[in-house]
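Let us read this model together, one feature at a time. Each turn takes a general idea and then the case at hand.

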Amino acid sequence: MTSSSQIADGTVAVIGCGVVGCFTAYRLAAMGVPVTLIDQEGPGSGATGNSAGNVQPASGDDDSYKIALGAESLALWRKHLPHINEASGIDYRDQDVQYLYAATDEIEEREVHRILVDVTAAGLRAEWVDGYAARKLEPRLSESITGGMLHHDCIQMDPKLLMAALSKAAEAEGVSLHGKTKAEGLVVAGGRIKGVKLQGGATLECSSVVLSTGAWTLKAMSDWLSYDLAVEPYGLQKLHLGLGTAAPLNCAIRWNGVNIVCRKDGLIHAGSRFDPDGFDSRPSSGSKRWLLEQVAKILPGFVPTGVENIAAFAASTPGRMPTIGALPGIDGIYLAVPSTDGFLMAAVLAEMTANLMVNGRKHQLMDRSPLTTAKHR
């Protein structure tokens with residue numbers, strides 16, 4: 001394992017300025033490590049900036065382990081957000097939200113009850129409510145709702161503003177941010193990382209590198225290092241819906257795989273729908289229509305005043321498990337890649353990466369990471 005003295009011998013390069021990469025750079029710098037953060041677009045320009053901005057344990061089809069990991073990440077978000085706010089001076093419109101995991105039949109009720117058991121076992125605040133109580137909380141909800149889990153331990157924020165704040169807080173800790181800079185390869189010699197090749201021919205010398213490249217991870221690992229790894233692009237379609245003069249929703253709703261959450265700027269984020277086109281994803285009229293149908297079924301009392309269709313792509317991994325830890329075979333290369341829940345998992349992935357690199361502490365998740373199956377060609 002890498003020791004703190006080895007890291008101190010040179011710069012750590014973090015490639016990828018989504019929420020995981022930026023958070024990792026921020027935590028490494030706070031631990032006294034010199035960090036350069038590299039991204040070809042800039043902070044939060046990809047999947048992060050187009051996300052719902054949810055820190056929502058049990059955000060998908062998660063098992064008990066992933067829900068507990070999400071609870072760990074939520075606690076770390078709550079720990080670090082006050083300093084990010086203070087260091088940046090940016091209002092990223094964060095809010096605590098209640099999430100109703102709605103059920104409309106017995107099959108859905110059984111699944112939501114399973115989630116409730118795992119959520120409460122992770123120490124999170126949640127309860128079962130019947131359909132009457134759900135509609136009393138939010139009168140625009142459908143009469144078809146028979147009950148659901150009311151999840152009280154969730155945060156929502158504007159993802160683009162949060163990334164502006166997080167990158168500014170990282171720079172305040174000493175991170176050197178190289179936005180609009182494309183990494184084109186890695187320099188490896190003697191079985192160890194030596195540098196990052198940049199567009200234009202320059203090389204950034206470094207003692208370690210963290211690949212936080214999201215959906216691009218498979219391509220980077222294959223083209224730069226001749227490794228095969230189970231990470232693929234996962235296209236996502238989302239909507240931003242206008243409220244007009246209507247009152248904000250009294251709770252967020254999750255139903256049929258779709259999260260519907262009211263932002264503090266008055267927009268409702270509804271998503272996501274899987275788009276099989278991956279890197280080629282673009283706003284789809286079919287996905288827009290399907291998402292609007294889901295909103296109308298569960299919220300028939302809400303009529304949006306405007307609709308914006310958004311396409312983005314995240315990383316997809318087996319079992320939605322993060323790809324995290326040290327790359328076997330080459331010293332000094334680490335990966336910190338979430339699956340489709342990057343915003344939720346950013347804090348815990350950053351913390352475990354920084355602790356591994358600085359203190360030599362290996363989180364138990366790393367034994368379950370898809371990185372353990374990486375193969376060199």
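Q: Which residue is the bridge partner of Leu211 in E19?

A: Strands here are DSSP runs of E of at least two residues, and helices are runs of H or I of at least four residues, both numbered from the N terminus; two strands pair if DSSP finds at least two bridges between them. The bridge partner of Leu211 in E19 is Leu335, and strand E11 (residues 208-211) runs parallel to E19, joined to it by three bridges. This is a predicted model, in which local features need pLDDT of at least 70 and side-chain atom pairs count only at pLDDT 80 or more, while totals for chains, interfaces and linings use all residues. Residues are numbered from 1 along each chain as its sequence is written, and side-chain values use heavy atoms, with hydrogens and water left out.

Q: Which residue stands opposite Leu335 on E18, and what sense does the pairing of E18 and E19 have?

A: Gly325 stands opposite Leu335, and strand E18 (residues 323-326) pairs with E19 in the antiparallel sense over four bridges. The hairpin of these two strands has six residues between them, and there Gly329 takes a positive phi near 105 degrees.

Q: How many residues of E19 are buried, and which residues lie on each side?

A: In a regular strand the side chains alternate between the two faces of the sheet. Burial is judged by relative accessible area: buried means under 20%, exposed over 50%, and partly exposed in between, with a 1.4 Å probe and protein chains only. In strand E19 (residues 333-337) five of the five residues are buried, so the strand is largely enclosed by the rest of the structure. Ile333, Leu335 and Val337 are buried on one side, and Tyr334 and Ala336 are buried on the other, which leaves both faces covered.

Q: Which residues are the partners of Tyr101 in E6 and in E14?

A: A strand can be read through its bridges to each neighbour in turn. Tyr101 stands opposite Met149 in E6, and its bridge partner in E14 is Arg254. Strand E4 (residues 95-103) is joined by eight bridges to strand E6 (residues 147-156), the two running antiparallel, whereas three bridges join E4 to strand E14 (residues 252-255) in a parallel arrangement.

Q: Is Gln294 buried or exposed, and which residues is it in contact with beyond its sequence neighbours?

A: Gln294, placed in helix H8 (residues 285-298), counts as buried at 2% relative accessibility. Contact means heavy atoms within 4.5 Å, and, leaving aside neighbours within four places in sequence, Gln294 is in contact with Trp255, Asn256 and Val258.

Q: What is notable in the backbone at Lys180, Ser226 and the bond from Gly271 to Ser272?

A: The backbone is read here through phi and omega. Lys180 has a positive phi of about 60 degrees although it is not a glycine; it lies in the loop between strand E7 (176-179) and strand E8 (183-189) and counts as exposed at 65% relative accessibility. Ser226 likewise has a positive phi near 60 degrees, in the loop between helix H7 (217-225) and strand E12 (227-228), but Ser226 is partly exposed, with a relative accessible area of 28%. The peptide bond from Gly271 to Ser272 is cis, with omega near 10 degrees, and Ser272 is placed in strand E16 (residues 267-275).
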